[in-house]
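Here's a small set of exercises on charged side chains, each with a worked solution. Have the coordinates open and try each task before reading on.

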Amino acid sequence: MADPELEALRAKRLAQLQSERGIQGGDGIANQKVAEDRKREMEEMKHSILSQVLDQSARARLNTLMLGKPEKGRMVENMLLQMAQRGQIMGRLGENELIGILEQVSGQTQSKTTVKFDRRRAALDDSDDDL
């Protein structure tokens with residue numbers, strides 16, 4: 001093999017390795033494309049796992065939750081994915097089981113809101129308005 005052919009093969013292999021790692025020298029568009037591809041693959045994997053773990057009615061309820069409360073929906077999705085990866089979920093979860101998980105998450109994340117009203121300050125402000 002001649003030197004130019006060897007150099008061409010090395011350059012091709014180096015470019016291939018760099019594109020796999022996402023280290024394109026100065027080529028931000030290629031890096032962005034690789035990152036988008038990885039993100040899309042992760043989303044597809046997440047959706048396939050959720051479709052294996054949840055039945056149709058539970059999946060519909062989770063999608064509805066994602067529309068109304070996206071942060072809580074992502075928490076439940078992540079929780080379901082972790083449970084599936086650990087092998088804690090045997091079979092498909094129905095809507096009732098998902099409701100139970102949602103109630104657990106709601107119980108953990110529920111925060112109590114308190115409103116304190118300082119009557120003394122309000123009384124002073126009211127008396128100032130009358131003068």
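**Exercise 1.** Is Lys-46 buried or exposed?

*Solution.* Start with the number: Lys-46 has 18% relative accessibility. The cut-off for buried is under 20%, so Lys-46 counts as buried. Keep in mind that this is a predicted model.

**Exercise 2.** Work out where Lys-46 sits and what it touches beyond its sequence neighbours.

*Solution.* First, place the residue: Lys-46 belongs to helix H2. Next, set aside the neighbours within four places in sequence; Lys-46 is then in contact with Glu-77 and Leu-81.

**Exercise 3.** Which side chain meets Lys-46 in a salt bridge, and how are the two placed along the helix?

*Solution.* Check the N to O distance first: the side chains of Lys-46 and Glu-43 come to 3.5 Å. A salt bridge needs the nitrogen within 4 Å of the carboxyl oxygen, so this pair qualifies. Then look at the spacing: both residues lie in helix H2, 3 residues apart, or about one turn of the helix. Finally, compare the surroundings: Glu-43 is partly exposed at 32% relative accessibility, whereas Lys-46 is buried at 18%.

**Exercise 4.** Now find what Asp-37 pairs with, and describe the network around it.

*Solution.* Asp-37 and Lys-33 meet through their side chains in a salt bridge, 3.9 Å from N to O. Both are in helix H2 (residues 28-53), and 4 residues, about one turn of the helix, separate them. On accessibility, Lys-33 comes out at 53% and counts as exposed, while Asp-37, at 24%, is partly exposed. Don't stop at the pair, though: salt bridges link Lys-33, Asp-37 and Arg-40 in a network.

**Exercise 5.** How many residues apart are Arg-61 and Glu-95, and which helices hold them?

*Solution.* Begin with the contact itself: Arg-61 forms a salt bridge with Glu-95, and their closest N and O atoms are 2.7 Å apart. The two are 34 residues apart, with Arg-61 in helix H3 (residues 56-68) and Glu-95 in helix H5 (residues 95-109), so the pair links distant parts of the chain. As for accessibility, Arg-61 is partly exposed at 33%, and Glu-95 is partly exposed at 28%.

**Exercise 6.** How many salt bridges does a search of the whole structure find?

*Solution.* The search turns up 5 salt bridges. Among them are Glu-43 with Lys-46 and Arg-61 with Glu-95. As a general reminder, side chains of opposite charge can pair when their charged atoms come close.

Terms used:
Residues numbered from 1 in each chain as written. Predicted model: local features only at pLDDT ≥ 70, side-chain atom pairs only at ≥ 80, totals over all residues. Heavy atoms only, no water. Buried < 20%, exposed > 50% of the residue type's maximum accessible area, 1.4 Å probe, protein only. Contact = heavy atoms within 4.5 Å.
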